[in-house]
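Colleague: Could you take a close look at one part of this model for me? I'd like to hear what sits around one helix and the stretch leading into its neighbour.

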Amino acid sequence: YELELDSHQVKRILYQAPQVMNLNTEDTLKNKINYLQSTLNLTNDEMKRVLTGMPTLLLCSIENNIQPKLDYLYSLDIETKEVSEMILLLPTMMGYSLEKRIKPRMEKLIQAKVPVSAITVALPVKESYFESWLKGREHRAATGQVRQKHARVNKTKRREPAMRFVEEFIEEAGKKETNATKDGRIQHWTRPRK
């Protein structure tokens, strides 16, 4: 096929959406793939990621399902590139209900002044977790706290206990006679106990 899917990708698509075999290749499949690629400015590799991430997208109607969701996202002044990135990050977002899931959560994100790209985190979680997650985001925004993905720990503080042990060991080893052979290898060693 034109997307050059490998055997694992084809297997995943057929396993998740076997109905694809009944679709007309020229009229249906090709049109959907071309529509998504052109609307979202996706490369072939990106399109493969979207299709293997949500194979049932090929079964969705453009007019009744895909287009209304994209229209809604664009109506929020989200750029095509950002919409593409969201879909690449969470291809299943196109499978959620526009009225019951996407719109309500997006509106809550906007009210809380949370970046709209966070919809990729907000959509798949249960309602109770979403509410607590959103409160945490609101609190951090209100207090000016920024969550760091990888907090850096002062390396010297992290090394202190280990370095202290090594220094003590070297100090004690210098005081004691070693059990070394003539060629300098240690025959027997025991860890000093405190």
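Modeller: Here is a walk through that part, one piece at a time. Keep in mind that this is a predicted model.

Let's start with helix α3, which covers residues 44-53. Its buried residues are M47, K48, V50, L51 and T52. Those buried residues pack against three other helices, namely α1, α2 (25-40) and α5 (80-89).

Two members of that buried set, K48 and L51, lead us to L5. You'll find L5 in the segment before α1, the helix that spans 7-16. Setting aside residues up to four places away in sequence, L5 touches K48, and also V10 and I13. As for L51, 46 residues separate it from L5 along the sequence, yet their C-alpha atoms are 9.8 Å apart in space. L5 has 22% relative accessibility, so it counts as partly exposed; the cut-off for buried is under 20%.

V10 turns up again at the surface. Together with L14 and M21, V10 makes a nonpolar patch of about 260 Å². L14 belongs to helix α1, and it counts as partly exposed because its relative accessibility is 33%.

Last stop is α5, one of the helices that the buried residues of α3 pack against. S84 sits in α5, and with a relative accessibility of 7% it counts as buried. Once neighbours within four places in sequence are left aside, S84 is in contact with L40 and L42.

Methods:
Residues numbered from 1 in each chain as written. Predicted model: local features only at pLDDT ≥ 70, side-chain atom pairs only at ≥ 80, totals over all residues. Heavy atoms only, no water. Helix = DSSP H or I, 4+ residues; strand = E, 2+ residues; numbered from the N terminus. Buried < 20%, exposed > 50% of the residue type's maximum accessible area, 1.4 Å probe, protein only. Contact = heavy atoms within 4.5 Å. Patch = residues over 30% accessible without salt bridge, like charges linked within 9 Å, V, L, I, M, F, W, Y side chains within 5 Å. Areas by Shrake-Rupley, 256 points an atom, 1.4 Å probe, with all protein chains shown as cover. Salt bridge = Lys/Arg side-chain N within 4 Å of Asp/Glu carboxyl O.
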